[in-house]
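Hello,

Here is the structure I promised to pass on. Please open it first, then read my notes below.

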Amino acid sequence: MDVVHKKGGIFFCQLWHADRASDNCFQPDGQPPISCTDKPIRAKTQIDGVTEAFFFAPRKLTTREITRVVDDFRKAARNAMEAGFDGVEIHGANGYLIDQFLNDQVNDRTDEYGGSLKNRCRFPLQIVEAVADEIGADRVGIRLSPFADYNDCVDSNLEALDLYMVRSLNKYGVLYCHMIEPRLITQFDNRKTEDGLLLMRKAFEGTFIVAGGYGRKDGNEVVGNGGADLVAFGRLFLANPDLPRRFELKAALNEYDRNTFYTHDPVVGYTDFRFSKLITEFQLYLYANSMAVLFSHLYRLRT
């Protein structure tokens, strides 16, 4: 981390609770995973991209347990800062624990954490408040996935839900909101849609980050037309460790291999993609020219 910090880089640690999207084998004593509900995810999951399996039925959290989970996020944020991170991103997207509380097609609670918009957003916002109080709001971001249906998470009024969330986030002054474009309704494939994030972008007062299958051209366009402050890249970065420089030079990109995204193989995947040969040659060119200028300057000093 020190090396990256010296080069001006920053690290944000994403805090993520898998809940009912998890497996009993990962839980203490093989217990069911937790959720806002006891309904399992209906879709099948894939193990190693091949074997299909059903999700286990979760256990519905009690209100007392919800308080403990909020505190877990707070402690995790503190641990991240002590480990050297510059901030944290609260993962409130993709059908995981926070997203399950938000969406009324999953959240079937009848207590203060279910029913109305205010109640369904209560748990996520309690996490935001706890984390912001612990490490400072200027070191906190949150990721949300409007319009998506990851892990069966759907809401009957998506626009109202997400506008309520972003307006509530303004009260805590968090650094950024990171949203997935509506066109990325499935996990990997884009679709055409007339929906957009402009209403949320206008309502949020902090830095607004968008993600969802962007490339160099449309990434520049969405920032240029005011649709976002920043663009996040995932798949392209996995296959192109030098992506910013490739964009800068308009160099060709490596094609990503989806089969290597989630693998235990220590060699194949993220670490074996090649840096651009064009970039290497360009860097050598810059180095040679800078050395020539240096030696020319030294020669003039001597004469």
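**Salt bridges**

Arg74 and Asp71 sit three residues apart in helix H2 (residues 63-82), so about one helical turn separates them. Their side chains meet in a salt bridge, at 2.7 Å from N to O. Keep in mind throughout that this is a predicted model.

How exposed are the two partners? Arg74 is partly exposed, with a relative accessible area of 24%. Asp71 is also partly exposed, with a relative accessible area of 26%.

This pair belongs to a wider set. Asp71, Arg74, Lys75, Arg78 and Glu134 are linked in a network of salt bridges. Within that network, the side chains of Glu134 and Arg78 meet at 3.1 Å, N to O. Glu134 lies in helix H4 and Arg78 in helix H2, so this salt bridge ties together parts that are 56 residues apart in sequence. Glu134 has a relative accessible area of 24%, which makes it partly exposed. Arg78 counts as partly exposed too, at 28% relative accessibility.

How many salt bridges does the structure hold? The count is twelve. Another of them joins the side chains of Asp108 and Lys60, at 3.6 Å from N to O. Asp108 lies in the loop between H3 and helix H4 (117-135), and Lys60 lies in strand S5 (residues 59-60), so the pair ties together parts that are 48 residues apart in sequence. Asp108 counts as partly exposed, at 32% relative accessibility. Lys60 is partly exposed as well, with a relative accessible area of 33%.

**The whole protein**

Now step back to the full chain. The protein has 303 residues, and buried residues make up 41% of them. It has ten helices and ten strands. The accessible surface comes to about 17300 Å². Carbon and sulfur atoms account for 53% of that surface.

What about contacts along the chain? Take the contacts between residues at least 6 apart in sequence. Of these, 65% join residues at least 24 apart.

**The cavity**

How many cavities of 30 Å³ or more does the structure hold? There is one. The volume of this largest cavity is about 90 Å³. The lining has 13 residues, and the closest to the cavity centre are Asp99, Asn103, Ser145, Pro146 and Asp162.

Which helices contribute to the lining? Helix H3 (97-102) and helix H5 (158-170) each supply at least two residues. The largest share, three residues, comes from H5. By type, the lining divides into eight nonpolar residues, three polar and two charged.

**Two residues to look at**

Start with Ile142. This residue is found in strand S7 (residues 140-144). Is Ile142 buried or exposed? Ile142 counts as buried, because its relative accessibility is 1% and the cut-off for buried is under 20%.

Which residues surround Ile142? Leave aside the neighbours within four places in sequence. Ile142 is then in contact with Glu89, Ile90, Val128, Met165, Leu169, Tyr176, Cys177 and His178. Ile209 is 67 residues from Ile142 along the chain, and their C-alpha atoms are separated by 9.9 Å.

Then turn to Ala57. This residue is found in the loop between strand S4 (51-54) and S5. Ala57 counts as partly exposed, at 43% relative accessibility. That label follows because partly exposed lies between the 20% and 50% cut-offs.

What does Ala57 touch? Not counting residues up to four places away in sequence, Ala57 touches Pro32, Pro33, Asp38 and Pro40. Ala57 and Ser35 are 22 residues apart in sequence. In space, they are 9.4 Å apart, C-alpha to C-alpha.

**Where to start**

Begin with the network of Asp71, Arg74, Lys75, Arg78 and Glu134. Go on to the cavity of about 90 Å³. Finish with Ile142 in strand S7 and Ala57 in the loop between S4 and S5.

Best wishes

Terms used:
Residues are numbered from 1 along each chain as its sequence is written. This is a predicted model: local features need pLDDT of at least 70, side-chain atom pairs count only at pLDDT 80 or more; totals for chains, interfaces and linings use all residues. Side-chain values use heavy atoms; hydrogens and water are left out. On a 1 Å grid over the protein atoms alone, a cavity is a set of points where a 1.4 Å probe fits but cannot get out, and a pocket is an open set with protein on both sides within 12 Å along at least five of seven lines; lining residues have an atom within 4 Å of a point. Grid points are joined across faces, edges and corners, and a volume is the space filled by probe spheres set on the points. Helices (H or I, at least four residues) and strands (E, at least two) are DSSP runs, numbered from the N terminus. Ala, Val, Leu, Ile, Met, Phe, Trp, Tyr, Cys and Pro count as nonpolar, Asp, Glu, Lys and Arg as charged, and the others, Gly among them, as polar. A salt bridge is a side-chain nitrogen of Lys or Arg within 4 Å of a carboxyl oxygen of Asp or Glu. Buried means under 20% relative accessible area, exposed over 50%, partly exposed in between (1.4 Å probe, protein chains only). Contact means heavy atoms within 4.5 Å. Accessible areas come from the Shrake-Rupley method with a 1.4 Å probe; for residues, only the protein chains shown count as cover.
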